[in-house]
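Hi,

I am handing over the model we talked about, and I hope you enjoy looking through it. Please open it alongside this email.

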Amino acid sequence: MSAPAVAAATGARLVAAEASSLNATLHWSQALLDAEARRVEASPGGPLHAVPVAIKDNIVTTDAPTTCASRILEGYVSPYDATAVTRLRSAGAMIAAKTNMDEFAMGSSTEHSAFGRVQHPLDPSRVPGGSSGGSAALVAAGVVPAALGSETGGSVRQPASFCGVVGVKPSYGRVSRFGLVAFGSSLDCISVFGRTVDDASKVLAAMSGHDPLDRTTLERPAMVPPAPRRDLSGLRIGLPREYFPADLHPGVAAAMERTKTAARELGAELVDVSLPNSPYAVPTYYIVAPAEAAANLARFDGVRYGPRKVGPGGDIRALYQATRGHGFGPEVQRRILVGTYVLSAGYYDAYYGKAQRMRARIAEDFRRVFAGGVDLLLTPTTPTPAFRAGEKTEDPVSMYLADIFVCAISLAGLPALSLPVGRTEGLPVGAQLIAPLLEDERMLAAAAALERVVAAEAEVR
Amino acid sequence: MSIGRDEVLHVARLAELAVRDEDLNRLVDQLNRIVDYVAQLDRVPADGAADLFLPGPRQVELREDVPGSVPLARPPAELSPEFADGFFLVPRHGAMEDL
Amino acid sequence: MRWETVIGLEVHVQLRTRTKMFCGCRTTFGDPPNTNVCPTCLGLPGALPMPNAEAIRLAARGAIALGCSVHPTSVFARKNYFYPDLPKGYQISQFDRPLATAGRVAFESPERGRVEVGITRLHLEEDAGKLVHDRFPGKTAIDLNRAGTPLAEIVSEPDLRSPAEARAYLTTLRQILVYAGVSDCSMEQGSLRVDANISIRRPGDPKLGTKAEVKNLNSFANVERALEAERERQVDRAERGERIAQVTLLYDAGTGQVRELRSKEESHDYRYFPDPDLPPLVLASEWIAEQRAGLPELPEARRARLEVAYGLPAYDARVLTSEIALAEYFESVVSAGVEAKTAANWVMGDVMTTFNESGGFPVEAGRLAGLVTLVRDGVVSHQAAKRVYAELAQHPGEEPKGAAERLGLVQVSDQGALTGWVEQVLAAHPAEVARFRGGETKLMGFFVGQVMKRSQGKADPKGVQRVLQEKFG
């Protein structure tokens with residue numbers, strides 16, 4: 001298909017998606033899509049030639065707004081493009097739309113958007129997961145073959161699992177964060193949704209590699225999509241017992257059994273391992289991430305960009321407090337307050353100091369297990385399939401527990417992905433593969449092999 | 001660990017967030033729940049000064065002192081809610097330091 | 001009742017780099033507002049910091065020049081607070097792992113002789129933007145050109161014991177940093193800023209009293225005045241038995257008074273934590289050694305050398321080394337053949353005047369040497385030479401002899417002409433001649449003066465004196 005034809009078809013699908021109240025997109029236009037098509041036609045031959053890619057709305061672009069699904073950035077159009085976007089374009093991709101998300105990437109259901117929640121593509125009463133729910137839904141609904149999301153504590157793997165698509169988080173430092181609106185700087189990773197492992201690999205590879213504009217990127221060249229593995233022979237795959245609790249949702253448990261069987265049949269050796277500090281991952285995350293976020297969101301003050309509100313006092317303080325008080329949604333405000341609290345005088349050691357030490361222990365758990373001769377780890381991605389909208393919004397902590405299997409990986413900076421491995425009562429289930437630091441390619445190759453034999457859309461029981 | 005109303009208001013002040021009176025009680029309750037949850041880490045023994053764990057490079061790569069920055073497709077005047085004569089404008093200080 | 005004054009100073013200097021601390025924007029002073037900006041220093045969403053190698057090099061050299069230990073590993077930290085000149089809502093600075101610690105600066109105290117002040121730390125940070133308050137009614141205007149400029153913060157131990165010492169310490173600190181090429185250290189241009197902490201206590205009391213912080217100081221003289229005003233205020237309160245509260249004060253140069261800040265903020269809670277956008281700063285020991293080796297001769301060492309090598313008095317050495325450029329110029333003049341003390345006098349006099357006015361040396365060292373030779377040879381008088389110097393400063397292309405001739409300042413040394421004038425004068429003043437022969441030898445000056453008048457200043461006074469002495473036998 002020619003690029004303009006792809007642009008037209010993608011636009012038609014976006015129109016249909018909007019009509020269906022999926023609410024996955026925040027900004028897109030046929031005019032922009034067509035402009036992308038013209039640009040791509042003028043220099044064909046890139047590895048992603050004419051591939052339409054949707055972009056989560058916390059990744060800045062110059063030709064469409066970037067709002068992070070927040071009122072505080074309503075109408076903000078960035079004067080520069082994110083490195084990831086520039087690199088995708090250089091590879092020939094067409095930017096299709098900016099997608100809906102939890103506000104400032106804080107959430108696990110995309111119910112915390114200032115512009116309405118995103119529906120699960122298979123069941124409108126359910127959530128697609130979050131915070132990258134819009135991107136996940138668009139790929140799952142077949143509107144685009146690939147989309148960018150961002151991960152801080154599982155925000156691509158978890159919605160990928162809920163929506164039944166592939167979600168890949170690279171090793172921290174392999175994809176530039178320049179242009180990703182920061183939430184938890186030491187955790188944030190631009191990540192990819194795809195219909196297949198191969199699609200996701202290609203997009204990831206196109207963006208990856210050292211960037212002098214981001215000093216947390218590693219001095220490594222870009223990833224190369226790995227050659228597909230025929231099977232998993234020679235691989236030792238660890239099953240951390242902390243990730244297979246007795247009370248795991250039966251549908252998820254069944255899907256995992258099927259996946260284990262498939263892996264064995266492909267020649268992998270499965271072994272029991274332990275990551276004993278895993279239970280502390282979520283509380284650790286909910287100290288570290290809000291602390292970094294509180295500082296990262298201090299720049300949203302109504303002074304230099306974004307809409308502005310001035311309170312009754314009429315002075316600079318009134319500007320800050322009203323702009324931020326009105327502009328940030330309740331979940332964002334909660335996290336800013338928690339983050340400010342844990343860093344404040346007298347509490348640093350009790351919270352942030354302890355969390356940093358625990359983070360080191362969690363990372364050490366993984367290092368030890370991998371050094372003990374394990375090549376990859378296999379776990380469920382989420383404890384349950386997609387839950388219903390409104391089910392967890394009353395109690396913030398219950399929402400946080402949705403991240404229980406994905407969080408530790410983010411803290412350790414490791415690469416991981418979610419692969420759809422079945423359905424339970426019609427809802428997708430994802431399995432998670434985790435690789436040692438910088439072994440992204442190993443993980444992708446293994447996932448591609450599994451993908452060929454696991455029936456992702458089949459009911460597991 | 002219990003956070004009282006006053007402490008929440010103090011933290012909100014540090015973060016320059018206006019909290020409406022009608023939201024304060026619920027906010028205090030929710031914050032306490034979150035902080036009680038993360039306080040599980042209290043159980044972790046303090047095992048000497050562990051180094052800060054941050055993924056990414058072991059040391060920062062430095063930039064040569066040569067002019068050249070990321071260009072702006074749009075000037076500050078077009079980004080700012082209030083701009084005149086080349087300056088960003090805000091209401092005068094009032095309650096903050098008058099330097 | 002006597003009180004001991006305890007003063008510590010925090011000095012911020014802008015490092016002499018072309019670009020900012022964390023982005024490639026220029027640091028040029030005086031450009032139109034908000035034109036040297038980019039996503040990073042504007043604090044735009046998604047922007048990230050990129051540290052400047054030269055800033056780090058200059059800060060390390062400054063630290064070494066101040067006797068500090070430069071740490072192989074240091075960490076950037078976020079200092080969090082809200083202010084309109086702070087785009088990110090935090091400043092990237094250094095907190096518990098600074099670049100350098102434990103230095104010392106020796107200076108001449110006006111009261112105690114040679115004093116060593118401890119330097120607690122020197123660390124790197126980025127500058128904030130500039131606020132303009134009076135341009136738009138009811139509004140504050142913000143210019144972010146300065147935001148992100150590299151700064152070194154230098155904190156002294158509370159080792160200073162008087163406002164005058166504070167001033168002397170600042171003069172020496174500035175001198176060292178200018179010598180080391182670290183900063184221009186100009187308070188007028190804002191490349192050096194001072195915050196002072198002052199408290200009082202009973203002599204012999206080991207505990208420190210409650211300190212006041214004084215800000216908004218724009219000259220070394222005002223530092224001294226502000227501290228004097230605050231010391232007086234504290235002593236006054238203490239003697240009346242009133243408590244001294246920990247306050248922040250602004251100095252008002254107009255009234256010479258300090259006043260408390262209008263807002264009684266509780267002391268800031270900056271919530272420091274290591275900046276996750278910046279891995280640790282690691283400096284190899286070879287690199288640190290290179291910076292040490294690359295430092296020029298510092299003021300104290302140069303002063304000592306000038307005294308010894310050129311036999312100059314301590315006062316001269318101090319004046320000549322007050323600016324590294326002056327010291328270098330002095331040594332060039334001596335190399336060009338001028339005797340050391342003569343050279344010193346010239347440099348401390350006319351040369352320094354033009355240097356202070358223009359910041360440069362319009363008369364290069366060789367030309368000055370030529371002028372001094374003319375004086376030595378009696379071609380021009382010393383007075384005339386000063387005029388010739390002024391002329392050379394205006395016309396850099398001219399040679400001293402040419403300028404002197406053009407100005408008609410070349411002295412007459414011809415024996416015949418001098419004798420003629422002397423005889424005329426002696427003939428015209430017989431009474432004074434008689435008094436001179438009678439013992440009033442002071443009148444020699446009178447005769448010389450009369451000859452100078454008659455010759456319209458052109459006679460070589462030394463030659464005149466010789467002729468007169470011969471006449472009088």
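Below is what I found, first between two chains and then inside one of them.

A few conventions to begin with. This is a predicted model, in which local features need pLDDT of at least 70 and side-chain atom pairs count only at pLDDT 80 or more, while totals for chains, interfaces and linings use all residues. Residues are numbered from 1 along each chain as its sequence is written, chains are lettered from A and ligands numbered from 1 in the order in which they are written, and side-chain values use heavy atoms, with hydrogens and water left out.

**Chain B against chain C**

In this interface, 42 residues of chain B are in contact with 58 residues of chain C (contact means heavy atoms within 4.5 Å). Together the two chains bury about 4,400 Å², and carbon and sulfur atoms account for 62% of that; buried area here is the accessible area (1.4 Å probe) that two parts lose on being put together, summed over both.

There are 2 salt bridges between chain B and chain C (a side-chain nitrogen of Lys or Arg within 4 Å of a carboxyl oxygen of Asp or Glu). One to look at is Glu82(B) with Lys139(C), where the closest N and O atoms are 2.8 Å apart. The two chains also have 18 residue pairs in polar contact, both residues at pLDDT 80 or more. A polar contact is a pair of N or O atoms within 3.5 Å; within protein, one must be able to donate a hydrogen and the other to accept it, and residues adjacent in sequence count only if both atoms are side-chain atoms.

On the chain B side, at least two residues each come from α1 (5-14), α3 (76-79), β1 (83-84) and β2 (87-91). Helices (H or I, at least four residues) and strands (E, at least two) are DSSP runs, numbered from the N terminus. The biggest contributor is β2(B), with 5 residues. By class, the side of chain B that touches chain C has 23 nonpolar, 6 polar and 13 charged residues; Ala, Val, Leu, Ile, Met, Phe, Trp, Tyr, Cys and Pro count as nonpolar, Asp, Glu, Lys and Arg as charged, and the others, Gly among them, as polar.

You may like this next part: β2(B) runs antiparallel to strand β9 (residues 139-143) of chain C, joined by 4 bridges. Two strands pair if DSSP finds at least two bridges between them. Within this pairing, Leu89(B) has Ala141(C) as its bridge partner.

**Inside chain C**

The domain assignment splits chain C into domain 1 (4-290), domain 2 (299-406) and domain 3 (415-472), with bounds from an automatic or database domain assignment. The C-alpha centres of domains 1 and 2 of chain C lie 37 Å apart. Between these domains of chain C, 7 residues of domain 1 are in contact with 10 residues of domain 2, and about 710 Å² is buried, 50% of it on carbon and sulfur atoms.

The interface of domains 1 and 2 of chain C has 2 salt bridges. Arg174(C) forms a salt bridge with Glu323(C), its closest N and O atoms being 3.5 Å apart.

Finally, chain C has an open antiparallel sheet of 3 strands, in the order β5-β4-β15. Its edge strands are β5 (90-94) and β15 (273-274), each pairing on one side only.

Best wishes
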